[in-house]
Every structure is written in structure tokens, then in C-alpha cells.
Amino acid sequence: MKKQIAKQRWLRLIPVVFITYSLAYLDRANYGFGAAAGLAKDLHITPAISSLLGSLFFLGYFFFQIPGAHYAEKKSAKKLIFWSLILWGGLATATGLVSHVGFLFVIRFALGVVESAVMPAMLVFLSHWFTKAERSRANTFLILGNPATVLWMSIVSGYLLESFGWRWMFILEGFPAVIWAFLWWKLVSDEPKDAKWLSSEEKRDLQEELEKEQRGIKPVKGYKEAFKNRTVILLSIQYALWSIGVYGFVMWLPSIIKAAPNMDIVKTGWLSSVPYVLAVVLMLAVSYLSDKFLNRSAFVWPFLLVGALAFAGSYLIGTSNFWLSFTLLVIAGGTMYAPYGPFFAIIPEILPRNVAGGAMALINSMGALGSFLGSYIVGYLNGLTGGFGASYVFMAGSLFIAAILTIVATKKPGKKEAVKHVEKMA
């Protein structure tokens with residue numbers, strides 16, 4: 001089966017998925033560069049309000065995850081993402097046109113609402129096209145749109161800011177999403193059965209393999225039952241804590257680097273891209289190994305632990321040695337991103353298709369809540385203390401607890417627990 005269809009699926013779908021999520025991430029992460037390059041000054045935004053604006057995106061993102069996943073599973077991920085692309089591209093462009101901070105509050109929240117459907121819809125989409133032995137890699141190529149985008153965006157945004165200012169940076173970086181929406185519509189199908197580029201035999205083989213996987217999973221009636229699942233609850237908390245570290249890092253890294261002596265915005269852009277080079281390499285390696293050994297947890301928690309220790313080390317060094325401290329931040333950034341593919345492969349392997357999308361949306365929505373808290377609290381601590389040390393400790397502690405929760409959530413039941421579970425089912 002793999003020899004017949006794998007190559008076509010990877011080559012036709014993965015580049016499209018990657019570009020789509022990359023554009024989504026571009027229009028949410030460039031706010032940090034705009035804030036560092038004059039947006040806050042021009043609109044008379046205080047550090048506390050700037051933190052709230054940076055994190056407000058995730059509040060809108062939090063509320064609409066599950067409805068988006070439900071629509072993608074029951075109706076169409078293709079249609080949902082098409083309209084999301086158009087709307088978020090327009091909102092991102094509108095950011096460059098605002099003249100009052102009040103409009104910026106509305107735009108940032110609305111941008112979060114529109115983009116909230118993208119991640120769960122994409123995960124649902126990939127689960128319809130890729131098997132268990134491929135899912136970690138497929139998820140990784142999706143989420144690679146995150147660090148890969150920040151990598152090139154950090155450099156391009158630096159030059160756009162220097163040449164045209166923050167307004168034109170937002171305007172020029174918002175248009176591509178609108179254009180891409182029509183290419184997305186042309187290039188993808190919701191299900192293998194709708195794909196004209198697959199033969200009847202290939203469609204049948206893939207469908208049989210996906211149905212075979214579902215037969216090995218205990219049935220779950222609906223979302224209410226799925227959301228009570230112990231693993232889902234623990235992974236929701238874990239992902240919220242993990243996201244505190246990731247988005248606190250993403251939103252404030254440019255400002256942290258720019259605070260170094262003799263640092264201009266172009267240098268800041270180049271240095272801000274370095275952690276994401278390591279992230280891309282680690283994500284590809286980790287997802288490959290996770291699929292090869294069909295082990296998820298062992299390729300998640302160790303990297304979060306290393307990220308926590310790197311943050312702590314950067315805090316201890318402080319400003320006494322910028323380059324050593326920066327190297328540790330690079331390690332922290334790379335290792336925080338490394339486990340995304342294996343992590344999002346956990347739920348489709350323990351819950352059936354009718355609820356897996358909703359459960360992943362719940363987990364991702366808790367990640368959005370963590371992102372909101374992370375980006376806001378990191379900014380608040382930076383303003384309160386006049387430095388970055390307190391926020392390093394906060395992010396390190398969040399990642400450390402996330403690593404522990406991963407172990408607890410994915411721990412297989414012991415003999416006694418397994419017997420009780422079997423007796424309960426009987």
C-alpha cells in the first residue's frame with residue numbers, strides 16, 4: 001500500500017499544508033517585530049497594553065477551537081480553511097492601517113477567532129490522509145510551518161521594517177494568505193475518495209488501512225465522554241504549560257535580543273531566526289524516530305526537560321555573557337519545538353475518529369490559553385522587573401511541569417489497573 005500511494009500523498013498534500021500553516025503563523029507572530037520597531041511608540045502603547053495586545057490573539061483563538069474541529073470532521077476542512085485564509089489575510093493587512101489602539105484590540109482578537117479553526121482542521125485533514133505509521137511525520141510537516149516561518153520572517157521582517165516601517169510590514173505580509181486561499185481550494189480534497197489523482201485501487205487500499213486502525217480503538221460515544229478521558233485532561237494541562245514557554249519565547253525573543261548592546265533591528269532579525277533553524281532539524285529527526293519506533297511519549301518529555309534546563313541556565317548566566325546566554329536560548333527554542341509531531345499523534349491513536357478531532361481541539365485550545373498567559377505574563381514580568389530574568393524562570397518552570405505531566409499522562413496502566421479496566425469493560 002505504501003509503495004503505491006505514499007509518494008503521491010506526500011508530494012501533493014504536504015507542501016500545500018505546510019504553506020497554509022506557514023502563512024497562518026506569519027500573520028500571528030509578526031506582531032512581536034512590529035511592537036519592537038515602532039508600533040507601540042507610534043500608537044502610544046504602554047508595555048502592559050502591548051503585552052495584552054500580543055496575547056489577545058490567543059484569547060480569541062481559545063474559544064473557537066472545538067467548533068472548528070467539529071465542522072472540519074462533520075462538514076469540510078477544505079471549506080473552513082479557505083474562508084479562514086481570506087479573513088486572516090485581510091485582518092493582518094488591516095493591522096498596518098490602524099491609527100488608534102482600540103482598533104488594534106478588535107483586530108488582534110478577531111485574528112485569533114479566524115485562525116482558531118486552522119490547527120484542529122489541519123490535524124483532522126491529515127488524519128484522513130495519513131496512517132498511524134506516518135502521522136507523526138505528517139503532523140511535523142504541518143507544524144514546521146511555525147518555526148520555518150519565524151526563521152524567514154525574522155529576516156524578511158527586519159528588512160521590511162528598516163526599509164518601509166511597521167505599517168507596510170503588516171500590509172505586505174497579509175496579502176499572501178488571501179492569494180493562497182484560491183490555490184488551496186484548487187489543490188486539496190477533504191477525503192481520499194474525492195481525489196481525482198488517486199486510482200480506485202489506491203483509494204480502496206488507503207481507506208482499508210485507516211478503517212483497520214479504527215477497529216483497534218475503543219468506541220467513544222461523543223465529545224462529553226472523550227473530554228473526561230484521563231489522558232485528554234492531562235495532555236490539555238500539559239499543552240497549556242508547554243505553550244507558555246513557546247509563545248512567551250516567540251513573542252518576546254526579538255525584544256530580548258534587541259536589548260543587547262549595539263543591536264539594531266536587522267541584527268535582531270537574523271539572531272531571532274537562529275533558534276528556528278535548530279527547531280526545524282530537531283522536528284524532522286524526532287518525528288522520523290517517533291514513527292519508526294511507534295513511541296510518542298519518549299520523544300516528547302525529554303526535549304521539554306532540556307528546554308526547561310536551557311531557560312534556567314540562560315537565567316543564571318544573565319547579561320554577563322550575552323553569547324552564552326543566547327546559545328542556551330537557541331537550545332531552549334529548538335527543543336521546545338522538537339516534539340510537536342509525536343505529541344499530536346497521541347490522541348488519534350487512543351480515541352476514535354468521531355471524537356479525536358474534538359479532543360485535539362480541546363488540547364489545542366488549552367494551548368491557546370497557555371499562549372495567552374505566557375505572552376502576557378512574560379511581557380508583564382519584563383516590564384515589572386526591568387529585565388528578562390523573572391520571565392526565564394517562569395518559562396523554565398512551565399516547561400519542567402509539562403515534561404512531568406507528559407510522563408504521567410502517557411504512562412501505561414500497571415497490571416492491577418489493566419485487570420480492573422478489563423473487568424469494568426466486561
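In this predicted model, R9 pairs up with E134 in a salt bridge, with the closest N and O atoms 2.8 Å apart. The two partners come from distant parts of the chain, 125 residues apart: R9 sits in helix α1 (residues 2-29), while E134 belongs to the loop between α6 (118-127) and α7. Both ends of this pair are tucked away from the surface. R9 has a relative accessibility of 0% and so counts as buried, and E134 is buried too, at 2%.

Just along the chain from that loop, another salt bridge turns up, this time between E213 and R135, with 3.0 Å from N to O. Here E213 is part of helix α10 (residues 200-215) and R135 is part of helix α7, so this bridge ties together parts of the chain that lie 78 residues apart in sequence. Buried or exposed, what are these two residues? E213 has 18% relative accessibility, and because anything under 20% is called buried, E213 falls in that group. R135 is buried as well, with a relative accessible area of 6%.

Not every salt bridge is hidden like this. K193 and D194 also meet through their side chains, at 3.5 Å from N to O. K193 is exposed, with a relative accessible area of 59%, whereas D194 counts as partly exposed at 39%. Elsewhere, salt bridges with shared partners join R137, D291, R296 and E349 into one network. Searching the whole structure gives eight salt bridges.

Helix α7 is also worth a look for how it packs. Its axis (residues 135-143) and that of helix α8 (residues 145-164) come within 5 Å of each other and cross at roughly 30°. Because angles under 35 degrees count as roughly parallel, α7 is roughly parallel to α8. As for which residues do the touching, F141, L142 and I143 take part from α7, and G145, N146 and P147 from α8.

Finally, there is a greasy spot on the outside. F400, I401, I404, I407 and V408 together make a nonpolar surface patch of about 390 Å². One of these residues, V408, lies in helix α18 (residues 389-410). With a relative accessible area of 34%, V408 is partly exposed. That value also explains why V408 can belong to a patch, because patch residues need over 30% relative accessible area.

Notes
Residues numbered from 1 in each chain as written. Predicted model: local features only at pLDDT ≥ 70, side-chain atom pairs only at ≥ 80, totals over all residues. Heavy atoms only, no water. Patch = residues over 30% accessible without salt bridge, like charges linked within 9 Å, V, L, I, M, F, W, Y side chains within 5 Å. Areas by Shrake-Rupley, 256 points an atom, 1.4 Å probe, with all protein chains shown as cover. Salt bridge = Lys/Arg side-chain N within 4 Å of Asp/Glu carboxyl O. Helix = DSSP H or I, 4+ residues; strand = E, 2+ residues; numbered from the N terminus. Buried < 20%, exposed > 50% of the residue type's maximum accessible area, 1.4 Å probe, protein only. Axes fitted to C-alpha atoms, helices over the stretch in contact; angles between N-to-C directions. Parallel < 35°, antiparallel > 145°, perpendicular 65-115°, else oblique. Contact = heavy atoms within 4.5 Å.
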